[in-house]
Amino acid sequence: MRLDLVDVFVNGALSGNPLAVVHGADGMTDATMQSLARWIGFSETTFLLTPTHPEADYRVRIFTPTLELPFAGHPTLGSAYAWRAAGGVAKGAQIMQECGVGLVPVRVTDDGLAFRAPPLRRSGPLSKAELAAALAQLRLSPEDVIEAVHVENGPPWQLIRLRSAQAVLAVSPVIAADGVVDLGVIGPSDEPGVDWEVRAFFTAPGGILAEDPVTGSFNAGAALHLYESGLATGDYVAAQGRMTGADGRVYVSRDDDGVWIGGQVRAVGVGAGLAL
């Protein structure tokens with residue numbers, strides 16, 4: 001088996017979200033996949049397998065250090081990149097990934113690779129209790145928040161929209177996570193080349209609230225909401241990760257085929273053998 005390390009949504013060297021990709025994982029057990037993901041310790045590790053759907057080019061399973069996800073964004077782009085780099089050739093005009101939410105198209109763009117945002121499994125405003133919990137976790141007051149909605153597309157993301165990018169960068173959440181947390185915070189930016197500032201928080205092992213460097217799934221859910229609500233019309237760029245030491249860029253577009261979440265991917269380490 002081959003192990004690749006890639007950096008996803010980069011904006012320079014080592015500026016994105018790291019991903020470990022294991023090739024030829026058909027013979028691995030669920031327990032081994034989970035143990036390896038825990039040992040590597042990245043936010044996600046992916047495992048490439050033979051597809052079961054006739055239209056799919058490969059199948060991927062996505063593991064955090066503690067559980068399996070049906071879909072995640074930066075693992076989708078990173079897995080597609082690693083699959084192509086290892087000699088994968090798409091059956092059709094675009095790469096077709098099979099994962100827990102079904103088939104996810106990935107295409108080559110001027111900005112690298114882009115996946116089609118899967119439909120939301122849950123949308124609509126947060127309940128009063130959900131909003132109160134989110135505000136307490138983020139240490140925000142109701143007056144800080146313009147909008148709070150569900151944008152669940154695999155991970156159960158909750159979107160909290162603030163007035164500005166500066167307000168997003170100023171968020172200082174409670175470090176101890178109150179249960180399972182998937183909170184994304186966005187605000188409009190006036191920085192040249194950046195339209196939205198994004199941060200995303202999730203519950204890490206040990207009940208600690210962690211911040212993700214760059215989050216494809218949240219950006220995908222947010223994009224569907226922004227387009228649906230008219231807050232975005234044409235293509236836009238989101239910046240994420242500055243408070244983690246990263247500096248990622250997410251390129252978002254919409255056409256007749258759907259909403260596309262794109263970014264650049266770079267290889268960091270390629271072809272390590274796994275002795276498992």
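A cavity is a set of points, on a 1 Å grid over the protein atoms alone, where a 1.4 Å probe fits but cannot get out; a lining residue has an atom within 4 Å of a point. I worked on a predicted model, in which local features need pLDDT of at least 70, side-chain atom pairs count only at pLDDT 80 or more, and totals for chains, interfaces and linings use all residues. Residues are numbered from 1 along each chain as its sequence is written, and side-chain values use heavy atoms, with hydrogens and water left out.

**Entry 1. Cavities**

I looked up the enclosed spaces and found two cavities of 30 Å³ or more. Volume here is the space filled by probe spheres set on the grid points, which are joined across faces, edges and corners.

The largest cavity has a volume of about 40 Å³. I listed its lining as Ile186, Trp196, Val198, Phe218, Asn219, Ala222, Leu226, Tyr236 and Ala238. Two or more of these residues come from each of strand E12 (196-204), helix H5 (216-228) and strand E14 (236-240). Helices (H or I, at least four residues) and strands (E, at least two) are DSSP runs, numbered from the N terminus. H5 provides the largest share, four residues.

I then sorted the lining by class, counting Ala, Val, Leu, Ile, Met, Phe, Trp, Tyr, Cys and Pro as nonpolar, Asp, Glu, Lys and Arg as charged, and the others, Gly among them, as polar. The largest cavity has eight nonpolar lining residues, one polar and no charged.

The second largest cavity has a volume of about 30 Å³. Its lining consists of Arg2, Asp4, Leu5, Val6, Tyr81, Ala82, Ala85, Ala267, Gly269 and Val270. Strand E1 (2-8), helix H2 (73-85) and strand E17 (265-273) each supply at least two of them, and E1 gives the most, with four residues. I noted seven nonpolar, one polar and two charged residues in this lining.

**Entry 2. Pockets**

I next turned to pockets (open sets of points with protein on both sides within 12 Å along at least five of seven lines). The largest pocket holds about 470 Å³ of space. It is lined by 30 residues, of which Thr64, Leu69, Asp182, Phe202 and Thr203 are the closest to its centre. Strand E5 (68-69), H2, E12 and H5 are the elements that give two or more residues to this lining. By class I recorded 15 nonpolar, 11 polar and four charged residues.

For the second largest pocket I recorded a volume of about 200 Å³. Glu130, Ala133, Ala134, Gln137, Pro156, Gln158, Asp178, Val180, Val181, Asp182 and Leu183 line it. Helix H3 (128-138) and strand E11 (182-188) each supply at least two of these residues, with the largest share, four residues, coming from H3. The lining divides into six nonpolar, two polar and three charged residues.

**Entry 3. Backbone angles**

Most residues other than glycine have a negative phi. I therefore checked for exceptions against that general rule.

Leucine 14 has a positive phi of about 50°. I located leucine 14 in the loop between E1 and strand E2 (17-23). Exposed means over 50% relative accessible area (1.4 Å probe, protein chains only); leucine 14 counts as exposed because its relative accessibility is 65%.

Arginine 139 has a positive phi of about 55°. I placed arginine 139 in the loop between H3 and strand E9 (147-150). Arginine 139 counts as exposed because its relative accessibility is 52%.

Technical notes: Buried means under 20% relative accessible area, exposed over 50%, partly exposed in between (1.4 Å probe, protein chains only).
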